[in-house]
Amino acid sequence: MKKILFVLLFCAYFSNDLSAQQSSKEALEIIKKVDKNMFSETQIITSEMIVYGKRKSRTIRSKGYSKGQQNNLTEYLSPEREKGTKMLKLDNRLWIYSPATDRTIQLSGHLLRQSVMGSDLSYEDMMEERKLSDLYNTKIVREEIYQGRPSWIMELTAFVDDLAYDKRILWVDKNRFVPLKENLYAKSGILLKTTLFMNIKQIDGRWYPTRLNYKDVLKDGKGTDFVILDIKFNPAISDEYFSKSILRK
Amino acid sequence: MIKFIFKGIIRDRSKSLIPVLVITVGVMVTVLMSGFLRGVLSDIVNQNAKLDTGHLKIMTRPYAENKDQMPNDLALLDLQDLREDIKQKFPNVLWTPRIKFGGIIDVPDSNGNTKTQGPGLGMALAILDTTSGELERLNLKKSIQKGRLPMRKGEIVLSDAYAEKLKISPGEEITYFGTTMEGSMVFQNFVMTGTIYFGSPLLDKGTFIIDIKDAQDMLDMEDGTGELLGYFDSKIYNDIEASKIANEFNSQYSHSTDEYAPKMVTLKQQNDLKTSLDVAESFNAIFIFIFIFAMSLVLWNTGLIGGLRRYKEFGIRIALGESKRNVFGLLLAEASIIGLIGSLIGSILGIGLCYYLQEVGIDISKDVENSTIIMPSIVRAHVSTNLFFIGFIPGLFSMLLGTALAGRGIFKRETARLFKELEV
């Protein structure tokens with residue numbers, strides 16, 4: 001009798017462990033599909049960032065070029081005050097060039113946590129382009145219908161040290177493998193930011209959000225909208241765009 | 001009679017030495033503590049008024065609520081109209097705009113790339129406007145350590161420690177990097193003309209000063225300011241007058257539905273100064289009370305011992321026909337002279353020490369280097385007229401009180417038993 005009980009408990013334990021492993025494997029597969037949807041080897045995005053100020057709102061248009069997970073160049077197109085300003089990210093370094101002063105300033109350390117142009121995004125947020133599956137352990141917490149879409153709610157816990165957010169809770173569309181909502185947490189467990197992914201469209205065979213709302217929960221206001229006007233996946237981009245010499249051109 | 005009592009005190013030192021010493025020490029400590037406390041408080045108030053609070057300050061309502069964050073997006077606009085209005089209504093107050101803002105000072109190398117950089121606190125003052133009085137108020141000319149103050153647009157001075165940290169010298173070009181009132185990115189080149197010493201560790205760590213016009217242009221704050229500071233013509237803060245002006249100004253806007261309506265606050269209503277000053281003043285009063293109480297007890301005790309020692313003397317004097325009232329009166333007169341001598345010596349010593357601490361001061365910069373409030377680097381005592389009586393009167397009073405309590409026994413002596421007591 002004792003032997004039977006032991007075998008039953010053993011089986012129950014291993015089936016539980018096996019199911020956890022399968023769930024974790026499934027979660028990783030989902031995140032990889034999300035990464036595949038959201039990332040491409042190269043990208044050119046024309047976008048508008050709408051910053052809702054207390055007295056008035058501002059719209060800043062920019063064009064961004066990215067290559068791989070480490071190289072990114074953003075050129076601001078309007079308004080006049082920002083026109084010509086460029087931000088270049090190479091690996092984990094960031095330079096900002098201002099045509100008005102003909103100066104290139106490198107930002108590093110805690111300065112990267114400053115807000116970009118009064119928005120709810122920090123330079124660190126703008127710089128982060130690594131795939132989620134390369135940074136976080138994942139698990140499916142539950143399933144629910146979010147904004148009319150069947151979704152997984154996934155918990156992502158960082159396994160690398162240099163991240164701005166130690167934990168993310170992600171709502172992923174079960175059919176389109178695209179994020180619908182994201183909560184970003186500090187190491188202490190405090191909720192820092194939320195992101196809403198809206199106007200999801202099929203572009204070049206992949207589902208992609210064309211309007212995002214970033215909200216720093218520690219700040220008042222409506223957050224910052226990021227509207228994608230045009231996006232090209234995997235275009236050919238010259239290496240010249242990712243060298244410091246491009247800043248003054 | 002006074003001469004007679006005085007001779008008695010001088011000749012019979014056992015009568016006077018201990019009381020004089022007790023009073024001298026007590027008065028000296030009271031004067032010193034009072035002068036020092038007053039000096040420190042007055043320095044804190046002056047430093048805050050000059051560098052941050054003004055005697056009065058006008059901000060928008062939401063700016064006032066979040067002023068520690070320097071929220072220039074909530075700044076006062078239409079400044080000119082407001083200034084004209086308050087200049088007419090409160091002619092005895094001089095108003096000057098100031099903008100506080102954060103940002104990064106970046107020092108370029110020969111190729112225009114970052115050589116060194118560091119975050120700093122910017123203060124925009126009306127330094128090119130000679131009528132603003134800012135140069136004199138902040139003693140800026142004398143505070144210059146290297147180079148000179150800005151004399152034209154596009155010039156900047158840094159706190160000496162900040163310049164040292166960034167390894168820059170007067171004449172070099174630097175770039176300010178920050179955000180405008182609305183949050184746009186700002187890059188602005190300045191010529192660094194000199195370094196300055198504020199005398200406040202909080203500001204000396206990393207502050208830079210530019211002219212208000214430069215800041216208004218740079219931060220898109222045309223005809224706007226973060227704060228509008230008011231200083232009385234007399235240069236002395238008067239809380240009653242300040243409260244009256246603030247109430248009158250605020251009543252104009254009490255029904256305003258404008259979210260950004262201006263709000264006036266007094267010096268005492270800022271930086272927790274009211275609490276600090278009230279606590280310090282109460283502490284001063286408590287200190288004097290304890291001093292009088294403790295000294296009275298000591299002198300009462302001394303008087304009792306003296307009374308016992310002079311028991312026979314009082315008995316003989318009463319037996320010879322001197323009235324008890326006269327004996328008691330002379331005792332009080334003696335006490336007054338002893339109190340006078342002790343208080344005089346104590347006051348002179350106390351004021352002398354205060355004067356020394358006023359001139360030399362105590363350097364507390366190391367202790368307050370991480371302070372989040374504006375504190376002077378060197379705290380000093382302040383010699384004022386009230387020091388001449390703040391210890392003197394309690395010294396005199398405590399001796400009289402002590403002697404009066406001890407001398408009550410004179411009235412309890414029964415004349416009929418005197419001869420028996422005196423064994424005559």
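## Exercises: where chain A meets chain B

About 2300 Å² is buried between chain A and chain B, with carbon and sulfur atoms giving 52% of that area. Keep in mind that this is a predicted model.

**Exercise 1.** Find which residues of chain A lose the most area to chain B.

*Solution.* Start with who takes part: the contact draws 23 residues from chain A and 32 residues from chain B. Now look at the chain A side, where A:Arg55, A:Arg81 and A:Arg103 lose the most area, together 33% of what that side buries.

**Exercise 2.** Work out how many salt bridges cross the interface, and track down the partner of A:Arg81.

*Solution.* The rule finds two salt bridges between chain A and chain B. For A:Arg81, look for a carboxyl oxygen within 4 Å of a side-chain nitrogen. B:Asp220 fits, with N to O at 2.5 Å. Then widen the search to polar contacts: 19 residue pairs turn up, both residues at pLDDT 80 or more.

**Exercise 3.** Say which elements of chain A give two or more residues to the side that touches chain B, and what kinds of residues make up that side.

*Solution.* The elements are strand S5 (93–98) and strand S6 (103–107) of chain A. Of these, S6(A) gives the most, with five residues. Sorting the whole chain A side by kind, you get six nonpolar, eight polar and nine charged residues.

**Exercise 4.** Decide where in chain A confidence is lowest and where it is highest.

*Solution.* Take the overall picture to begin with: chain A has a mean pLDDT of 88, and 91% of its residues reach 70 or more. Going element by element, helix H1 (residues 2–38) of chain A is lowest, at a mean of 70, while strand S10 (residues 179–185) of chain A is highest, at 97.

Note on methods. Residues are numbered from 1 along each chain as its sequence is written. Chains are lettered from A and ligands numbered from 1 in the order in which they are written. Side-chain values use heavy atoms; hydrogens and water are left out. Contact means heavy atoms within 4.5 Å. Buried area is the accessible area (1.4 Å probe) that two parts lose on being put together, summed over both. A polar contact is a pair of N or O atoms within 3.5 Å; within protein, one must be able to donate a hydrogen and the other to accept it, and residues adjacent in sequence count only if both atoms are side-chain atoms. Helices (H or I, at least four residues) and strands (E, at least two) are DSSP runs, numbered from the N terminus. Ala, Val, Leu, Ile, Met, Phe, Trp, Tyr, Cys and Pro count as nonpolar, Asp, Glu, Lys and Arg as charged, and the others, Gly among them, as polar. pLDDT is the predictor's confidence in each residue, from 0 to 100.
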